[in-house]
Amino acid sequence: MAILQVEHLRQVYQSKDGETVALEDIHFSMEKGEFFSVVGPSGCGKSTLLSIISGMLPATDGRVLVAGEEIKAPSSHIGYMLQQDNLLEWRTIRQNVLLGLEIRRQLTPEMRDRADHLLETYGLAAFANRHPSQLSGGMRQRAALIRTLAINPDILLLDEAFSALDYQTRLEVTEDVYRIIKREQVTALMVTHDIPESICMGDKVLILSERPAVIRTVLPIRFNMDKRTPITCRSQPEFAGYFNHIWKELGMNEALETAGTVAGEDPLS
Amino acid sequence: MKHSKQPALSPERTLYLKQNKRTQNRIRLCRWGVLVVFLLAWEGSARLGLIDSFIFSQPSRILRTYQTMLQDDLLYHIRVTVGETLAGFLLGAAAGVLLAILLWWNAFISKVSEPYLVVLNSLPKIALGPVIIIIAGAGTKAIVFMALAISLVVTVLEMLSGFRDTDKSAIRMARTFGATKRQIFTKIVFPANIPTLFDSLKVNIGLSLVGVIAGEFLVSRAGLGYLIVYGGQVFKMDLVMASVIILAVTAALLYEAVALIQHIIGRRFGAR
């Protein structure tokens, strides 16, 4: 059975100037351990989609099921990672990592051990008693990921989680995060505006249309190699094909021609 | 951060450190110098008759005044003023923070009270002195109340704006874990505003002292404010000057005490 079922989501915003339809009939499901990327024109409602799936925003229509259970409020089934790491400066790294468990009142000795184990496994044990300002950008993002994973979620939502980082760090962190996600066998749904990132991390890429966003295409990504990692994917021959496909789907052909950019490295950023 | 081994210093580094230290020493020397020159000039011009020491007093007479005051009840007056200041300060801080929490919590109450807060903030609270004395009686209560009135509104406004300016994205992060409003406050908003709290406390300790001195002027029973007013009325300028100097030292010490507490707590909340 699918771990995540998103059923006919529709989202309408009300404001003084009228109503805006953000999402229209968004319908898909994910199997355990899959990694989906979501791309779409900016402002199309990608983040709205994640907010609804996380249970923070009630959908106008439709519903979200995780392991068959309907999501109506933030639940420990779902971990949500934001653009900023949001590590709290007055807490040590360990205390930061335990924040989610603390809020959920799940600070049992077992969960504590689990968090410590995650810190150990992903190379932050030596920094557990340091404060966030003493860590590099990449390590901070890793700590933020561990904070999200500490509540032991079934699904991990990533909302432009790497876009605040500089390019070098970003490549490193995506590599890191991919490895951690695969190793912990977490199902992940990532929203990004970076096409190369969506290809090299995703098993499938969901391409959304302009607002009101509908799913235009679900593009399966397959590379002809045994152990793919985000960096190695970038040098595969299939990569350019996927890039151009997504580029075209997003309706950016004209923009590309007029700008005269060469498809390859992310021309959006 | 700790360095386990200090490498040998290069000659340039030694020179740099030496020059740094020299500048520091000069600053310290000049600070004391200004004070000594001022006191000598004051004493000298009084002795030479350039200024009237009956009006301007003079350091030697102030020292003599301290001797007699110490035999009398100087310490008692200091204790009264410090006690009243601390009482007003603590009440003002506690009530101010509680009100700020209430206004942060409830947007509706906050909107309703906004114009009143603005007016109360710009009103010179000393103008309420007579009213306060009539309500609370001419005594310690009225003085503490005055100190409270002066520091309260500033605390509320400053803490409230600090609470509101808390990093939205940190709050969103807490929400992703399903944090309640109470948890958002205790885990994110309040700890994020510990520095704001201390900034406002540092201002408040001074404001409370202003309130206490104004109150003592009006009530005229005891305390440094009383000594100053009394000295002025009987034309004992030595007493006025002596009290003002004590007051200045007291104010500085109270401020330093708050700064010290901030330093200690700041350490516990991670380096800043």
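Here are some short exercises, each with a worked solution, on a predicted model with chains A and B.

**Exercise 1. Describe how chain B and chain A meet: how many residues of each are in contact, and how much area do the two chains bury?**

Solution.
- Step 1: Begin with the contacts. On the chain B side there are 20 residues, and they touch 22 residues of chain A.
- Step 2: Turn to area. The size of an interface is often given as the accessible area lost when the parts come together. Here the two chains bury about 1900 Å² between them, with 64% of it on carbon and sulfur atoms.
- Step 3: Find the residues of chain B that lose the most area to chain A. These are B:Thr176, B:Phe177 and B:Lys187, which together make up 36% of what that side buries.

**Exercise 2. Find the salt bridge between the chains, then say which elements and residue classes make up the side of chain B that touches chain A.**

Solution.
- Step 1: Recall the principle. Side chains of opposite charge can pair when their charged atoms come close.
- Step 2: Look for such a pair across the interface. The count is one salt bridge, and its partners are A:Glu102 and B:Lys187. Their closest N and O atoms are 2.9 Å apart, which fits the cut-off of 4 Å.
- Step 3: Add the polar contacts. Between chain B and chain A, seven residue pairs are in polar contact, both residues being at pLDDT 80 or more.
- Step 4: Name the elements. Helix H8 (168-176) and helix H9 (181-192) of chain B each give two or more residues to this side. H8(B) gives the most, with seven residues.
- Step 5: Sort by class. The side of chain B that touches chain A has 10 nonpolar, five polar and five charged residues.

**Exercise 3. Work out the four-stranded sheet of chain A: in what order do the strands lie, and which stand at the edges?**

Solution.
- Step 1: Pair S1 with S2. Strand S1 (residues 4-15) and strand S2 (residues 18-30) of chain A are antiparallel and share nine bridges. A hairpin of two residues joins S1(A) to S2(A), and A:Gln5 stands opposite A:Ser29 in S2(A).
- Step 2: Pair S1 with S4. S1(A) runs antiparallel to strand S4 (residues 61-66) of chain A, with five bridges between them. One partnership to look for is A:Leu4 with A:Val66 in S4(A).
- Step 3: Pair S4 with S5. S4(A) and S5(A) are antiparallel too, over two bridges; A:Leu65 has A:Glu70 in S5(A) as its bridge partner.
- Step 4: Put the pairs in line. The result is an open, antiparallel sheet in the order S2-S1-S4-S5 (chain A). S2 and strand S5 (69-70) of chain A each have a single partner strand, so one side of each is left without a neighbour in the sheet.
- Step 5: Add the helix. Helix H1 (residues 46-54) of chain A lies across S1, S2 and S4 of chain A, at about 115° to S1(A).

**Exercise 4. Now try the six-stranded sheet of chain A: what is its strand order, and how do S3 and S9 run?**

Solution.
- Step 1: Read the order. This open sheet goes S6-S7-S8-S3-S9-S10 (chain A), and its pairing is mixed.
- Step 2: Locate the edges. Strand S6 (78-81) and strand S10 (215-220) of chain A each pair on one side only.
- Step 3: Check S3 and S9. Strand S3 (residues 35-39) and strand S9 (residues 204-208) of chain A run parallel, joined by four bridges. A:Phe36 has A:Lys204 in S9(A) as its bridge partner.

Notes. Residues are numbered from 1 along each chain as its sequence is written. Chains are lettered from A and ligands numbered from 1 in the order in which they are written. This is a predicted model: local features need pLDDT of at least 70, side-chain atom pairs count only at pLDDT 80 or more; totals for chains, interfaces and linings use all residues. Side-chain values use heavy atoms; hydrogens and water are left out. Contact means heavy atoms within 4.5 Å. Buried area is the accessible area (1.4 Å probe) that two parts lose on being put together, summed over both. A salt bridge is a side-chain nitrogen of Lys or Arg within 4 Å of a carboxyl oxygen of Asp or Glu. A polar contact is a pair of N or O atoms within 3.5 Å; within protein, one must be able to donate a hydrogen and the other to accept it, and residues adjacent in sequence count only if both atoms are side-chain atoms. Ala, Val, Leu, Ile, Met, Phe, Trp, Tyr, Cys and Pro count as nonpolar, Asp, Glu, Lys and Arg as charged, and the others, Gly among them, as polar. Two strands pair if DSSP finds at least two bridges between them. Axes are lines fitted to C-alpha atoms, for helices over the stretch in contact, and angles run from 0 to 180 degrees between N-to-C directions.
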